[in-house]
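Q: Please take a close look at one part of this structure, namely the packing of its interior, and tell me how the pieces around it fit together. I would like a connected account rather than a list.

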Amino acid sequence: GYLGPRIWVNLRIKGNQQALTHGLPDARDLMVVCVEAGLTVDAAMQRVGQELGLAHPAIAREFGIAHMETRVGLTRTDALKNIGVRTGCAPLQSLAAMLVQADRFGTSIAQALRVFSDTLRVNRQMAAEEMASKASVKISFPLVLFIFPSTFIVLCGPVIIELMNSSL
């Protein structure tokens, strides 16, 4: 009973971080479109939060909270930093850091988002390749334990029966 709530909370945190990670590519692409259409970063975050409310409610909630924080009086920099701190999700923390740096140095936010998208896309592809290379190792144990013995019995069973019935 003592460890149950902690385990439950940790599972909920991991599930929320995974939902944020899965929703981030769509939010990123929609944010690029909004910024290129002429919206400010605050308006783009509000619009992304509204549009993705049904498909990705976790990312919509976080963008909505950040927008409300800016409306209350927090600076955009603090609101973006709060997203990273509040979620603990590494891709979202790097998005917030990138937006803060782009705002501080005056670079094009659309271009920065595009470069960030390419970087995350490459990282996601490398993670998928890593998981694929681990799959062969993970499947070898069930293969040896379950499939190989049954195949051995099917292939060698008739030969063993014939040898037992022969006069040798």
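A: A good place to begin in this predicted model is Leu 95, which, leaving out residues up to four places away in sequence, touches Leu 24, Phe 63, Leu 113 and Phe 116. Leu 95 also belongs to the largest nonpolar core, a set of 32 residues in which Met 31, Phe 63, Leu 95 and Leu 113 have the most contacts. The elements that each give two or more residues to this core are α1, α2, α3, α4 (76-87), α5 and α6.

Two of the partners of Leu 95, Leu 113 and Phe 116, lead to helix α6, whose buried residues are Ile 109, Ala 110, Ala 112, Leu 113, Phe 116, Ser 117 and Leu 120. The cover over these buried residues includes α1 (4-36), α2 (41-51) and α5 (90-105). The helix itself covers residues 109-165, 57 residues in total, and its first and last C-alpha atoms lie 81 Å apart, close to the 84 Å expected at 1.5 Å a residue. There is nevertheless a bend of about 45° in α6, placed at Leu 143. At the N-terminal end, α6 is capped by Ser 108, which has a side-chain oxygen 3.3 Å from the backbone nitrogen of Gln 111.

Within α6, Ala 112 deserves a separate word. Ala 112 counts as buried because its relative accessible area is 16%, below the 20% limit for that class. Apart from residues up to four places away in sequence, Ala 112 touches Met 98 and Ala 102, and although Ala 112 and Ala 102 are ten residues apart along the chain, their C-alpha atoms are separated by 7.0 Å. The loop that joins α5 to α6 holds Gly 106, and here the setting is a different class of exposure: Gly 106 has a relative accessibility of 63% and therefore counts as exposed. The C-alpha atom of Gly 106 is 47 Å from that of Ser 136, a residue 30 places away along the chain.

Phe 63, another partner of Leu 95, brings in helix α3, where the buried residues are Ala 58, Ile 59, Ala 60, Glu 62, Phe 63, Ala 66, His 67, Glu 69 and Thr 70. Among the elements that cover them are α1, α2, α4 and α5. The 16 residues of α3 should span 22 Å at 1.5 Å a residue, and its end C-alpha atoms are indeed 22 Å apart, so the expected and computed lengths agree. Just after α3, Gly 73 takes a positive phi of about 135°.

The buried list of α3 includes His 67 and Glu 69, and their surroundings can be described one by one. His 67, in helix α3 (residues 57-72), has a relative accessibility of 14% and so counts as buried; setting aside neighbours within four places in sequence, His 67 is in contact with Asp 42 and Gln 46. Glu 69, which also lies in α3, is buried because its relative accessibility is 17%, and, residues up to four places away in sequence again left out, Glu 69 touches Leu 74, Ala 79, Asn 82 and Arg 86. Gly 64 is found in this helix too, but with a relative accessible area of 28% Gly 64 is therefore partly exposed. The C-alpha atoms of Gly 64 and Ser 133, which stand 69 residues apart along the chain, are separated by 38 Å.

The cysteines remain to be considered. Cys 34 is buried because its relative accessible area is 7%, and Cys 89, at 4% relative accessibility, is buried as well. A search for disulfides over the whole structure finds zero.

To return to the starting point, the contacts of Leu 95 with Phe 63, Leu 113 and Phe 116 connect the buried residues of α3, which include Phe 63, with those of α6, which include Leu 113 and Phe 116.

Key
Residues are numbered from 1 along each chain as its sequence is written. This is a predicted model: local features need pLDDT of at least 70, side-chain atom pairs count only at pLDDT 80 or more; totals for chains, interfaces and linings use all residues. Side-chain values use heavy atoms; hydrogens and water are left out. A disulfide is a pair of cysteine sulfur atoms within 2.5 Å. Buried means under 20% relative accessible area, exposed over 50%, partly exposed in between (1.4 Å probe, protein chains only). Helices (H or I, at least four residues) and strands (E, at least two) are DSSP runs, numbered from the N terminus. The expected span of a helix is 1.5 Å times one less than its number of residues. The bend at a residue is the angle between axes fitted to the seven residues ending there and the seven starting there. Contact means heavy atoms within 4.5 Å. A polar contact is a pair of N or O atoms within 3.5 Å; within protein, one must be able to donate a hydrogen and the other to accept it, and residues adjacent in sequence count only if both atoms are side-chain atoms. A nonpolar core is a set of buried Ala, Val, Leu, Ile, Met, Phe, Trp, Tyr and Cys residues joined through side-chain atoms within 4.5 Å.
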